[in-house]
Amino acid sequence: MLVVKEYESLLEAYGKAGGNLDALENREVGNLVIHKNKVLSVNEADGIKVKTEETKSGVNIYFLVEEGVKIKYPVHLCFGVLPQEGLQEITLKVEAQDNSEVNVIAHCIFPNAVDVTHKMDADIKIGDNARFSYRETHYHGEFGGIKVIPKAKIRVGKKGVWESTFTLIEGCVGMLDYDFEIFGGEKSTSELLVKVFGKKEDDIRITEKIHLDGKEARGLAKSRLVLIDNAKAVVRGETYGNAPFARGHVDCLEIVNGDGVIASAIPVVYVSDRQAKVTHEAAIGSVDKKQMQTLMARGLNEEEAVDVIVKGILR
Amino acid sequence: MLEVKCLKLTLNGKPIINGLNLEVKEAKIHGLLGMNGAGKTSLANLIMGISYPDEGSIIFEERDVTRCTISERAKMGLTLAWQEPARFEGLSIREYLRLNKNLSLSEVENYLWTVGLPPGEYLDRAVDANLSGGERKRVELASVLAMKPKVAILDEPDSGIDVVSLPHIMNGITEMSKQGSAVLLITHSEEAVGVAEEVSIICAGKIINSGPPKEMCRWFKNNCQTCNHIGKPSYKGV
């Protein structure tokens with residue numbers, strides 16, 4: 001009875017956060033719903049195997065996409081802690097076997113957090129010629145009493161593709177320590193994108209690392225942050241070109257709009273093969289003057305113009 | 001409609017706009033020809049309120065707007081298309097054209113067709129770095145058309161674009177006039193000012209001659225040379 005109530009409450013929060021409730025009820029769509037350390041729902045779509053183990057403080061998950069299977073519908077994951085206090089530690093082991101393809105959409109919901117910690121430790125293996133797309137969106141409350149610590153090590157096989165987007169723009173970030181590291185094989189493509197809107201006293205640390213270890217591997221480490229009030233952010237974008245014709249790029253943009261904001265970007269570009277090439281661009285500053293003037297020349301006032309620019313960057 | 005009177009702007013002791021007078025009439029295309037450094041873009045910026053003059057006044061529909069902000073001028077019906085338009089991440093062309101108006105989808109599509117951009121291909125593309133220079137300029141022109149301004153200042157809409165884009169740009173400009181907007185068409189292309197009813201020539205921050213396009217193009221060709229930017233026109237014969 002308690003579990004049912006928990007599930008219903010989480011679903012309600014998930015729906016409010018923009019999650020697709022129909023998808024969770026469709027037996028053809030893979031899903032996994034976890035509240036604190038309880039697995040509330042698992043549905044394995046054809047070609048997907050999910051094993052879970054509840055621990056004292058979280059859940060260990062093994063997620064497999066079978067060889068050669070292209071999963072028709074996106075798989076929906078929902079992680080949440082609804083009470084004001086709690087610890088959720090997710091250990092995630094993912095294997096996308098050769099020639100498989102899947103899109104995963106994750107919603108992480110902490111609407112009432114006053115003292116909540118959400119940790120994710122992921123070990124991900126993308127097989128040869130496999131494609132894995134992962135979109136994680138967070139919904140936080142206005143208290144900022146949350147620590148989010150997602151860490152992942154991702155190995156991408158020959159001609160494999162990894163694309164991930166981490167978005168945290170609803171509510172207060174609290175403390176974020178994001179650390180994703182990719183090892184890209186031959187002709188692999190890896191893209192990391194992080195979008196965060198920091199406000200109040202938010203403390204944001206982002207590390208995106210891509211090792212281009214295989215010949216002709218491609219990588220992009222991209223981040224978009226908007227910081228207001230007293231938010232602080234450190235973004236490290238690192239790309240290592242270690243093989244012939246590897247190509248990588250680090251792209252960081254931080255818009256600051258507050259007297260107490262402190263923002264820094266540390267791009268690291270490293271090449272250990274003379275035929276590799278890695279580039280970077282980083283910009284920190286207030287909203288672009290020319291963009292502002294352009295929008296104002298179309299009749300928007302200053303506030304509206306800032307809003308349009310910021311929404312665009314975080315979209 | 002738009003009157004610029006005795007406008008002066010000095011930067012670092014150097015006169016940029018030097019007692020300039022100009023009138024743009026309702027629903028007419030007024031060409032402004034000038035060499036590089038003659039003060040064309042500075043004048044556009046002053047009219048739009050990007051910068052403010054040291055002396056003189058800008059009268060728009062009989063109201064002195066010299067000290068008005070960019071937004072205030074835009075709300076009155078004045079706008080500017082930049083020579084190098086800004087690019088926006090995450091903002092679609094559909095949204096860009098609807099910034100301040102509740103335009104229907106078919107209206108937005110029509111404006112895109114006017115500048116030769118098939119809506120099916122462009123509506124959902126972002127106004128970002130993935131557009132070519134010519135595409136971006138055409139989108140800019142479409143956004144000005146969508147605003148239906150009383151006066152549009154177009155700063156070199158024809159510069160740096162490919163041959164395919166040029167006729168679409170010129171079509172957009174003539175459409176603007178047809179829909180009732182006055183246009184101040186800033187260019188150094190004699191070909192582009194062919195669509196204007198009247199042309200003025202600017203040199204060293206002053207209007208040095210005005211008249212019909214063909215006559216002014218001839219005069220520009222025969223007389224204008226690189227300006228030495230000392231606040232004094234340096235065309236042949238002076």
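Which exposed residues sit on the face of helix 4 of chain B turned away from its buried side? They are B:L105 and B:S106. Keep in mind that this is a predicted model.

**Helix 4 of chain B and what surrounds it**

Helix 4 of chain B spans residues 105-114, and its buried residues are B:V108, B:Y111, B:L112 and B:T114. These residues cover an arc of only 160° around the axis, so they end up on the same side of helix 4 of chain B. Who does the covering? The cover over the buried residues of helix 4 of chain B includes helix 3 (93-97), helix 5 (119-122), helix 6 and helix 7 of chain B. Just past the end of helix 4 of chain B, B:G116 adopts a positive phi of about 75°.

Two of those covering helices also pack on each other. Helix 6 (residues 133-147) and helix 7 (residues 165-178) of chain B meet at an angle of about 10°, and their axes are 10 Å apart. That angle is why helix 6 of chain B counts as roughly parallel to helix 7 of chain B. On the helix 6 side of chain B, the contact residues include B:L141, B:A142, B:V144 and B:L145; on the helix 7 side of chain B, they include B:H168, B:I169, B:G172 and B:M176. Sorted by type, the residues of this contact between helix 6 and helix 7 of chain B come out as six nonpolar, four polar and three charged.

**The sheet of chain B**

Chain B has an open sheet of six strands, ordered 6-7-8-3-9-10, with mixed pairing. Strand 6 and strand 10 (206-211) of chain B are the edge strands, each pairing on one side only. On average, neighbouring strands in this sheet are turned by 20° against each other, direction ignored.

At one edge, strand 6 of chain B runs parallel to strand 7 (residues 151-155) of chain B, and four bridges join them. B:T79 has B:A152 as its bridge partner in strand 7 of chain B. Helix 7 of chain B packs on the sheet too, touching strand 3, strand 7 and strand 8 of chain B, and its direction makes about 155° with that of strand 8 of chain B.

B:G77 is in the loop between helix 2 (70-76) and strand 6 (78-81) of chain B. Is B:G77 buried or partly exposed? It has 19 C-beta neighbours inside 10 Å, so B:G77 counts as partly exposed. Leaving out residues up to four places away in sequence, B:G77 touches B:P149, B:K150 and B:V151. The C-alpha atoms of B:G77 and B:A152 are 8.3 Å apart, although 75 residues separate them along the chain.

**Strand 10 of chain A**

In a regular strand, side chains alternate between the two faces of the sheet. Strand 10 (residues 146-156) of chain A does this: A:I146, A:V148, A:P150, A:A152, A:I154 and A:V156 point to one face and are buried, while A:K147, A:I149, A:K151, A:K153 and A:R155 point to the other and are not. Here are its pairings.

| Partner of strand 10 of chain A | Sense | Bridges | Bridge partners |
|---|---|---|---|
| Strand 8 (residues 115-126) of chain A | parallel | eleven bridges | A:M120 and A:P150 |
| Strand 12 (residues 175-184) of chain A | parallel | eight bridges | A:I154 and A:I182 |

**Where the chains meet**

The contact takes 17 residues from chain A and 19 residues from chain B. Helix 3 (289-296) and helix 4 (302-314) of chain A each supply at least two residues of the side of chain A that touches chain B. Helix 3 of chain A gives the largest share of that side, six residues. The side of chain A that touches chain B divides into seven nonpolar, six polar and four charged residues.

Conventions: Residues numbered from 1 in each chain as written. Chains lettered and ligands numbered in written order. Predicted model: local features only at pLDDT ≥ 70, side-chain atom pairs only at ≥ 80, totals over all residues. Axes fitted to C-alpha atoms, helices over the stretch in contact; angles between N-to-C directions. Parallel < 35°, antiparallel > 145°, perpendicular 65-115°, else oblique. Contact = placed C-beta atoms within 7 Å. Nonpolar A, V, L, I, M, F, W, Y, C, P; charged D, E, K, R; others polar. Buried ≥ 20, exposed ≤ 12 C-beta atoms within 10 Å, placed from the backbone. Pairing = 2+ DSSP bridges. Arc of directions from axis to C-beta.
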